[in-house]
Amino acid sequence: DECFAIALFAYTKGDLYHAKDWFSVALGQMGDRTISSQGLKRSRILDYLAYVLYKQGHLQEALALTNELLVLEPGHERALNNRAHFERQLANELAAGGPRRKGDTGSAEDEEAIRHNAPHREGWYASAEFQRYKRLCRGQLLPGDFESVASNKPLVCRYHRPHAYFYLAPVKEEIAHWRPLIVLWHGIIGTAETATIRQLAEPRLRRATVQDPATGRLVTARYRISKSAWLQSVLHPAIENLDRRIELLTGLSVASAEELQVVNYGLGGHYEPHYDFAHRREVNSFERAQGNRIATLLYYLSDVPAGGATVFTDLGVRLLPTRGSAAFWFNLKRSGEGEMLTRHAACPVLHGSKWVMNKWFHERDQEFRRPCSLDSNE
């Protein structure tokens, strides 16, 4: 309530810069509540913040907050009018070549690139997606947060035999989402293997980096706090055996896959929403080497007492880390286009230490293992 009062004072004085900051803080202090102890409604903060963002030229963020407001109050007359106005403005900008920003061409494709791998963009921490991310990490999902994109098929747990190798010991498979398909394989890596991999990785751990989409350089970022190490298959027989088992498990070739990446998230370690595949406008994208990242296999090498979930912010899927399990999903559609619904994040670790291991498969050598489809949406 005090933050809102400060924001309102700045707003009445025409100081939109500080008004935006304090409205954002007030919204963050509200958490998942719709009303404060003093009776302040979340919808009122959203109303002001959306308008301030609009006045500063952040149409996308203003529209996102307005949509969130309308989930809380569907009949809010001003919000309904504002949404129609924002949508018209965005349509006009798109027709004119897109909003102009310093350092970009202003096209709709560039706007997608900004969202693609730059969650630290201006207005991000006040965005509807960041609020969904926080609620997902807490396990506090609200009705209307996520669009219904799944099929009518119920989520199931089953025994799965992807190859004759698993005939006597089938894989314990949990379907977390159908379309796009996200699965969890339980008990897929043993305790001895886990210990060996962690022992190999620990002396090689370095601060994790991300690729700058504008320059192609590897840089550290405040939205990815962790340490990582890369393990070649020749380092130890356990890694070679794991690679062979990965091929049988996924049906994909590891010939063009990246080395195993082991990641350690300490207390507070996290990775905000991002995609694993590269946008075609990024400098030094994967497509110029072995092709884009077609799929992700994420092993959980430790239990996490609190926090550390893997969440998909556009789907409402929340995977809890369990030692010995692995998550798998395709980052690309069969057409080679990126599957935008695979945007995901690593929630902050609140207690303990989180160890995971990634295996990223690339397009090359998968032509006959996962061929293209006549359906562009598949």
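**Exercise 1. What share of the 378 residues in the protein is buried?**

Start with the cut-off: a residue is called buried when its relative accessible area is under 20%. Apply that to this predicted model, and buried residues come to 48% of the 378 residues. Next, look at the outside: the protein exposes about 18,700 Å², and carbon and sulfur atoms supply 52% of that area. Finally, check the contacts. Among those with a separation of 6 or more, 70% are between residues 24 or more positions apart.

**Exercise 2. How many helices and strands are there, and in what order do the strands of the 9-stranded sheet run?**

The secondary structure adds up to 9 helices and 18 strands. Now walk across the open sheet of 9 strands: the order is β1-β2-β3-β15-β11-β18-β9-β8-β4, and the pairing is antiparallel. At its edges you find β1 (157-160) and β4 (206-207), each pairing on one side only.

Zoom in on one pair inside this sheet. Strand β11 (residues 293-300) and strand β18 (residues 354-362) are antiparallel and share 7 bridges. To place yourself, pick Leu 298: its bridge partner in β18 is Asn 358.

**Exercise 3. Which strands stand at the edges of the 5-stranded sheet, and why is one side of each left without a neighbour?**

Write down the order of this open, antiparallel sheet: β7-β10-β16-β13-β14. The edge strands are β7 (224-225) and β14 (317-319); each has a single partner strand, so one side of each has no neighbour in the sheet. For β14, look at how β13 (residues 310-312) joins up with it: the two run antiparallel, with 3 bridges. One place to spot this is Val 311, whose bridge partner in β14 is Arg 318.

**Exercise 4. What span should helix α9 have, and how far apart are its end C-alpha atoms?**

Helix α9 covers residues 237-250, which makes 14 residues. The rule takes 1.5 Å times one less than the number of residues. That gives an expected 20 Å, and the end C-alpha atoms are 20 Å apart, so the two agree.

Now see which side chains are tucked away. The buried residues of α9 include Ala 238, Ile 239, Leu 242 and Asp 243. Just after the helix comes Gly 251, with a positive phi near 80 degrees.

Try the same check on α4 (residues 59-72): its 14 residues should also span 20 Å, and its end C-alpha atoms are 20 Å apart, which agrees. Among its buried residues are Leu 59, Glu 61, Ala 62 and Glu 68.

**Exercise 5. Which residue forms a salt bridge with Asp 243, and are the two partners buried or exposed?**

Begin with the general idea: side chains of opposite charge can pair when their charged atoms come close. Here Asp 243 pairs with Lys 359, with the closest N and O atoms 3.3 Å apart. The partners come from distant parts of the chain, Asp 243 in helix α9 and Lys 359 in strand β18, 116 residues apart. Asp 243 is buried at 13% relative accessible area, and Lys 359 is buried at 4%.

**Exercise 6. Where do Arg 78 and Asp 47 lie, and which of them is buried?**

The side chains of Arg 78 and Asp 47 meet in a salt bridge, 2.3 Å from N to O. Arg 78 sits in helix α5 (residues 77-95) and Asp 47 in helix α3 (residues 42-55), so this pair ties together parts 31 residues apart in sequence. Arg 78 is partly exposed at 47% relative accessible area, while Asp 47 is buried at 9%.

For another case, take Arg 293 and Glu 258, whose closest N and O atoms are 2.7 Å apart. Arg 293 is in strand β11 and Glu 258 in the loop between α9 and β9 (260-265), so parts 35 residues apart in sequence are tied together. Both Arg 293 and Glu 258 are buried. The full count is 10 salt bridges, and Arg 42, Glu 68 and Arg 135 are linked in a salt-bridge network.

**Exercise 7. Which residues form a nonpolar patch on the surface?**

They are Ile 6, Trp 22 and Val 25, with about 230 Å² of accessible area together. Find Ile 6 in helix α1 (residues 2-12). Its relative accessible area is 39%, so Ile 6 counts as partly exposed.

Note on methods:
Residues numbered from 1 in each chain as written. Heavy atoms only, no water. Helix = DSSP H or I, 4+ residues; strand = E, 2+ residues; numbered from the N terminus. Buried < 20%, exposed > 50% of the residue type's maximum accessible area, 1.4 Å probe, protein only. Patch = residues over 30% accessible without salt bridge, like charges linked within 9 Å, V, L, I, M, F, W, Y side chains within 5 Å. Areas by Shrake-Rupley, 256 points an atom, 1.4 Å probe, with all protein chains shown as cover. Salt bridge = Lys/Arg side-chain N within 4 Å of Asp/Glu carboxyl O. Pairing = 2+ DSSP bridges. Contact = heavy atoms within 4.5 Å.
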